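Please look over the sequence and the 3D structure shown here before reading on. The briefing then takes up one topic at a time, in an order that a first-year student can follow.

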Amino acid sequence: MKHRHLRYPPGTPVERLPSAALVDLLDRGDLGLWRPLRDALAKDPHGPLADRVLDLLGAFPMYGTSALWRTWIDRRRTEVEACDPTLPVLSLAVLRRRLGLTQASLARRMDMSQSDLSKLERRPDVRLSSLRLYAQALGGRLETSVLRGPERIAVSPGTPPTPMGRRRPG
């Protein structure tokens, strides 16, 4: 596929395509033209190309294909996370799926829109209060702790401090 006015050697790996060519491919490509991109993303759905594609989809929304690519990358990431026992931490979306819940059903439990829940699950920095609500909607509770070597110390962020050596009543 010739990408508008852009010129690059035939067979250029999709990872090396300029952003304008990727946007053009995502927007105007078809199943055959998408194959190299799909294959590259399938190999590393957490890699820099996947992040770049998601950034481009956010910056240049494309009717129909934006949702398609976002969903496909998310599913690939979920499959990789679910199959890799060396990954000790689950994303919120993977946790929700493992518990058999859809975004729509969990969003209703949290009294928010499905769109807002989707944004929460993709956010790189989530407030503890949001995580607490998320955990409660899943039927659980959020625990926080500080790990120092082999030691695990439970903490309660947002709780007023007590003077050293004194216990809080209760």
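What follows is a short overview, and then bullet points grouped by topic.

The structure is a predicted model, and the chain in it has eight helices and two strands. Read along the sequence, these elements follow the pattern α-α-α-α-α-α-α-α-β-β. Of the 170 residues in the chain, 31% are buried.

**Salt bridges**

- Side chains of opposite charge can pair when their charged atoms come close.
- A search of the whole structure finds six salt bridges, and three of these pairs are described here, including the one between Asp-39 and Arg-38.
- In the pair of Asp-39 and Arg-38, the distance from N to O is 2.6 Å; Asp-39 is partly exposed, at 33% relative accessibility, and Arg-38 is likewise partly exposed, at 35%.
- A salt bridge also joins Arg-97 to Asp-74, where the closest N and O atoms are 2.3 Å apart. This pair links distant parts of the chain, since Arg-97 belongs to helix H5 (residues 92-98) and Asp-74 to helix H4 (residues 65-83), with their positions 23 residues apart in the numbering.
- Arg-97 has a relative accessible area of 30% and counts as partly exposed, and Asp-74, with a relative accessible area of 28%, is also partly exposed.
- Glu-121 and Arg-96 meet through their side chains in a salt bridge with an N to O distance of 2.6 Å. Here too distant parts of the chain are linked, because Glu-121 lies in helix H7 (residues 114-122) and Arg-96 in helix H5, 25 residues apart.
- Both partners of this bridge fall under the 20% limit for a buried residue, so Glu-121, with a relative accessible area of 11%, is buried, and Arg-96, at 4%, is buried as well.

**The largest pocket**

- Rolling a probe the size of a water molecule over the atoms shows where empty space is left.
- The largest pocket holds about 770 Å³ of space, and of the 28 residues that line this pocket, the closest to its centre are Asp-74, Arg-77, Ala-93, Glu-121 and Arg-122.
- Two residues of that central group have already appeared in the salt bridges, namely Asp-74, which pairs with Arg-97, and Glu-121, which pairs with Arg-96.
- Helix H3 (48-59), H4, H5 and H7 each give at least two residues to the lining of the largest pocket, and the largest share, nine residues, comes from H4.
- When the lining of the largest pocket is divided by class, it has nine nonpolar, seven polar and 12 charged residues.

**The second largest pocket**

- About 290 Å³ of space lies in the second largest pocket, and the residues that line it include Leu-90, Leu-95, Tyr-134, Leu-138 and Arg-141.
- H5 and helix H8 (128-137) are the elements that give two or more residues to this lining, and H8 supplies the largest share, which is three residues.
- By class, the lining of the second largest pocket divides into eight nonpolar residues, one polar residue and two charged residues.

**Buried residues in the helices**

- Where in the chain is Leu-49 placed? Leu-49 is found in helix H3, and it is buried, with a relative accessible area of 9%.
- The C-alpha atoms of Leu-49 and Leu-37 are separated by 9.0 Å, although these two residues stand 12 residues apart along the chain.
- Is Ile-73 buried or exposed? Ile-73, which lies in helix H4, is buried, with a relative accessible area of 2%.
- Ile-73 and Leu-54 are 19 residues apart along the chain, and their C-alpha atoms are separated by 8.4 Å.

**A nonpolar patch on the surface**

- Val-146, Ile-153 and Val-155 form a nonpolar patch on the surface, and together these residues have about 190 Å² of accessible area.
- Val-146, one of the residues in this patch, lies in strand E1 (residues 144-148) and counts as partly exposed, at 38% relative accessibility.
- A residue needs over 30% relative accessible area to be part of a patch, and therefore the 38% of Val-146 is enough to meet that condition.

How values were computed. Residues are numbered from 1 along each chain as its sequence is written. This is a predicted model: local features need pLDDT of at least 70, side-chain atom pairs count only at pLDDT 80 or more; totals for chains, interfaces and linings use all residues. Side-chain values use heavy atoms; hydrogens and water are left out. A salt bridge is a side-chain nitrogen of Lys or Arg within 4 Å of a carboxyl oxygen of Asp or Glu. Buried means under 20% relative accessible area, exposed over 50%, partly exposed in between (1.4 Å probe, protein chains only). Helices (H or I, at least four residues) and strands (E, at least two) are DSSP runs, numbered from the N terminus. On a 1 Å grid over the protein atoms alone, a cavity is a set of points where a 1.4 Å probe fits but cannot get out, and a pocket is an open set with protein on both sides within 12 Å along at least five of seven lines; lining residues have an atom within 4 Å of a point. Grid points are joined across faces, edges and corners, and a volume is the space filled by probe spheres set on the points. Ala, Val, Leu, Ile, Met, Phe, Trp, Tyr, Cys and Pro count as nonpolar, Asp, Glu, Lys and Arg as charged, and the others, Gly among them, as polar. Patches are made of residues with over 30% relative accessible area and no salt bridge: like charges are joined within 9 Å, nonpolar side chains (Val, Leu, Ile, Met, Phe, Trp, Tyr) within 5 Å. Accessible areas come from the Shrake-Rupley method with a 1.4 Å probe; for residues, only the protein chains shown count as cover.
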